[in-house]
Amino acid sequence: MKTLLSYALLLGLTSFGNAEQAQPEKAETPTKPIEVTELTQAEFEVKVANLLKTNALTKEKVLELYSLAKKYPKAKGAAYVSFQNYHYEHNPKKKQEKLTYFMSQYIDSDQINYILYSLIQSYSNEVPKLMHLVMLGSNKKENRHAAAFALASWKHRMMRMIVTHPDVVKFQTAELISMYNSIIDTPGMNERILKKSKAALYMLETFSIGCEAPEIIGTDHEDKEFKLSDYRGKVVLVDFWADWWGPCKAMLPHERSLVKELGNDFAIVGINDDSKEKLVEMVNDGTTTWRNFTNKQKNGTISDQWGVRG
């Protein structure tokens, strides 16, 4: 694609990562060529699919299959193999060559969307640069839209995963709200992306730092109704938990000590996902010393309403 190099230069992508560019190339140790079994395109597709299904597409398998991916560039799985071959490359010059090949073959291909969505779970700082390349360089609006959503989703996930200063979180939140609004306002946007973007925007605008917590009205282990706003004026920890989940169970002694040490100005309000019978048992034996909503209420689960998944 003619514009690929200009986009790469614009984003500083003559290789991914300035640190790599600054390092001199190291002499490579000669390696024994990998013998590739000749496969038909159909056989190649089946092999890649099986390796992906069993989570067995290792670096060695990628290197073994790369020549076939180049031979059958339109085959299902060829884009993923080519991308992984780029990903595993550490030599800056070769890495750029593999990126250029990958983009020239797949920037307008349907196959690239699977890769974009899979990268949302990655921690690599290469991810936003790749997504920007697709956003700026693809001639296919579906791919540009997918890249924009994948980039917002990746940034959103990283914000949740990495603990940082509240002021930084507020800045990141404002940036994400802007990104999701831009996606929502884009004409011809895919309905699935629209739905997910609106849901993400709701979570940001409802549960970010500085927002007032949404009201919860529900019942406890005795079917007695109470509200989250009953605790207004206190520092409140809203705790989604279950005895069947080990990390939650491990936190219980610490939470009991918090309630005891911090006194009347502090409260824990639990949303418990165990059966009502189990919650009654835990209240009676002192496992939980604070009041809990049962997660399952008549109008659905509180965890769904708050976007909490475990």
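Colleague: Is R309 buried or exposed?
Modeller: First, this is a predicted model, where local features need pLDDT of at least 70, side-chain atom pairs count only at pLDDT 80 or more, and totals for chains, interfaces and linings use all residues. Residues are numbered from 1 along each chain as its sequence is written, and side-chain values use heavy atoms, with hydrogens and water left out. Buried means under 20% relative accessible area, exposed over 50%, and partly exposed in between (1.4 Å probe, protein chains only). R309 has 72% relative accessibility, so it counts as exposed.

Colleague: And where is R309 found?
Modeller: Helices here are DSSP runs of H or I with at least four residues, strands are runs of E with at least two, and both are numbered from the N terminus. Helix α14 covers 302-305, and R309 is found in the segment after α14.

Colleague: Which residues form the positive surface patch?
Modeller: A patch takes residues with over 30% relative accessible area and no salt bridge (a side-chain nitrogen of Lys or Arg within 4 Å of a carboxyl oxygen of Asp or Glu). Like charges are joined within 9 Å, nonpolar side chains within 5 Å. Here the positive patch is formed by R160, R192, K195, K196 and R309.

Colleague: Which helix gives the largest share of that positive patch?
Modeller: Look at residues 191-207. Three residues of the patch come from there, which is the largest share, and the helix is α11.

Colleague: On to the inside: is N85 buried or exposed?
Modeller: N85 lies in helix α5, residues 78-88. Its relative accessibility is just 2%, so N85 counts as buried.

Colleague: What is N85 in contact with, leaving aside its neighbours within four places in sequence?
Modeller: Contact means heavy atoms within 4.5 Å. With those neighbours set aside, the partners of N85 are V62, L63, Y66 and K98.

Colleague: How many Å apart in space are L65 and N85, C-alpha to C-alpha?
Modeller: L65 has its place in helix α4, residues 59-71, and it counts as buried because its relative accessibility is 1%. Along the sequence, 20 residues separate L65 and N85, while the C-alpha to C-alpha gap in space is 9.2 Å.

Colleague: And what is L65 in contact with, neighbours within four places aside?
Modeller: The same kind of list can be drawn up for L65, again skipping neighbours within four places in sequence. The residues that L65 touches are F44, K47, V48, L51, L57 and V81.

Colleague: Which residue, not a glycine, has a positive phi of about 55 degrees?
Modeller: Most residues other than glycine have a negative phi. Check the loop between α3 (41-53) and α4, where N55 is found; it is exposed, with a relative accessible area of 72%. The residue with that positive phi is N55.

Colleague: Where is the place of D223?
Modeller: D223 also isn't a glycine, and it has a positive phi of about 65 degrees. It is partly exposed, with a relative accessible area of 49%. Its place is in the loop between β1 (217-219) and β2 (225-227).

Colleague: How many salt bridges does a search of the whole structure find?
Modeller: One of them joins E126 and K95, with the closest N and O atoms 3.4 Å apart. E126 sits in the loop between α7 (111-118) and α8 (127-137), K95 in helix α6 (residues 92-106), and this pair links distant parts of the chain, 31 residues apart. Both E126 and K95 are buried. Over the whole structure, the number of salt bridges is 14.

Colleague: Which residue forms a salt bridge with K155?
Modeller: The closest N and O atoms of this pair are 3.7 Å apart. K155 in helix α9 is linked to a residue in helix α10 (residues 166-184), 20 residues apart. K155 counts as partly exposed at 25% relative accessibility, and its partner is E175.

Colleague: Which residues are linked with D243 in a network of salt bridges?
Modeller: D243 and K278 meet through their side chains at 3.8 Å, N to O. D243 is in the loop between β3 (235-241) and α12 (246-262), K278 in helix α13 (residues 276-284). D243 is buried, with a relative accessible area of 16%, whereas K278 counts as partly exposed at 24%. The residues linked with D243 in the network are K249, K278 and E281.

Methods
Areas by Shrake-Rupley, 256 points an atom, 1.4 Å probe, with all protein chains shown as cover. Lys, Arg positive; Asp, Glu negative; His and termini not counted. Charge placed at Lys NZ, Arg CZ, Asp CG, Glu CD.
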